[in-house]
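Reader: I would like a close look at the salt bridges in this model. Which side chains pair up, and how exposed are they?

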Amino acid sequence: MPILHHKTCLLCHFQAASNICEGCLNDIRRLYQRTEHVCPQCAQFSMNGAICGKCQLSPPPYQKLWACAQYHAPLPNLLHEWKHTQRSEFTSIFATILRENPPPWQPEKHCDAILAMPISRERRLMRGFNQCDDLAHIITQHYKLPLLPNNTVFRQHKPPQSSLKAAERATNIQNVFQVNGDVKNCKLLIIDDVMTTGATIAELAQTLLNSGASEIYAYVVMRN
């Protein structure tokens, strides 16, 4: 008789048909953002999905931003494990989130190409990979949009944003990006794993606009 190899759910560790069982996946689905509850420009809470007061007073440098889910358990721990173990099994969980709760606007109609959030060379060497590259490949395949090479934008090595307070993040991220590729007149979609203050995406978006990009959109897994 053939030997059957069963998978184990990465969350509850019970036997499952895939890397996450249906029960745990349903728990994650409860964290999905709804368009009627968030601002279409910053993905923060906003009544009836209207542009929030902050974005009206000071619009971000990107046209629209969508966060698939809220930054609540178990997602932060899953993301940490994925970033620091490089286990490919985690990729499928985040791929499911991206596919099941996509932006209400259609990226394939608004964007010309996709850009994974860059990380510094030093951080790539420490981790061994950039998880945003994996996310960007998923979106590329789903929407049939080209993916810009990961050397399109150079990022200086700085202390990780997650280790800093909100005020420090804005200063830490200033002028860290340098565009090496041709992005003139391009409408670009930035892919990132998690957004907290929005400083990093805003800095990258502004740098791309300064280099000739026409419009910037952003698509992230989680909004903290």
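Author:
**Salt bridges**

The structure holds 6 salt bridges. The model is predicted. Three of the pairs are taken in turn below.

Begin with Glu-22. Its salt-bridge partner is Arg-29. The closest N and O atoms of Glu-22 and Arg-29 are 2.9 Å apart. How accessible is each side? Glu-22 has 48% relative accessibility. That value lies under the 50% mark for exposed, so Glu-22 counts as partly exposed. Arg-29 has a relative accessible area of 22%. Buried means under 20%, so Arg-29 is partly exposed too.

Next comes Asp-27. The side chain of Asp-27 meets that of Arg-30 in a salt bridge. Here the N to O distance is 2.4 Å. The two partners fall into separate classes. Arg-30 has 61% relative accessibility. Exposed means over 50%, so Arg-30 counts as exposed. Asp-27, at 40% relative accessibility, counts as partly exposed.

Now move along the chain to Arg-87. Arg-87 forms a salt bridge with Glu-89. The closest N and O atoms of this pair are 3.2 Å apart. Arg-87 is partly exposed, at 34% relative accessibility. Glu-89 is also partly exposed, at 27%.

One more point concerns shared partners. Glu-22, Arg-29 and Glu-100 are joined into one network by salt bridges that share partners. The Glu-22 and Arg-29 pair described above therefore belongs to a network that also includes Glu-100.

Terms used: Residues are numbered from 1 along each chain as its sequence is written. This is a predicted model: local features need pLDDT of at least 70, side-chain atom pairs count only at pLDDT 80 or more; totals for chains, interfaces and linings use all residues. Side-chain values use heavy atoms; hydrogens and water are left out. A salt bridge is a side-chain nitrogen of Lys or Arg within 4 Å of a carboxyl oxygen of Asp or Glu. Buried means under 20% relative accessible area, exposed over 50%, partly exposed in between (1.4 Å probe, protein chains only).
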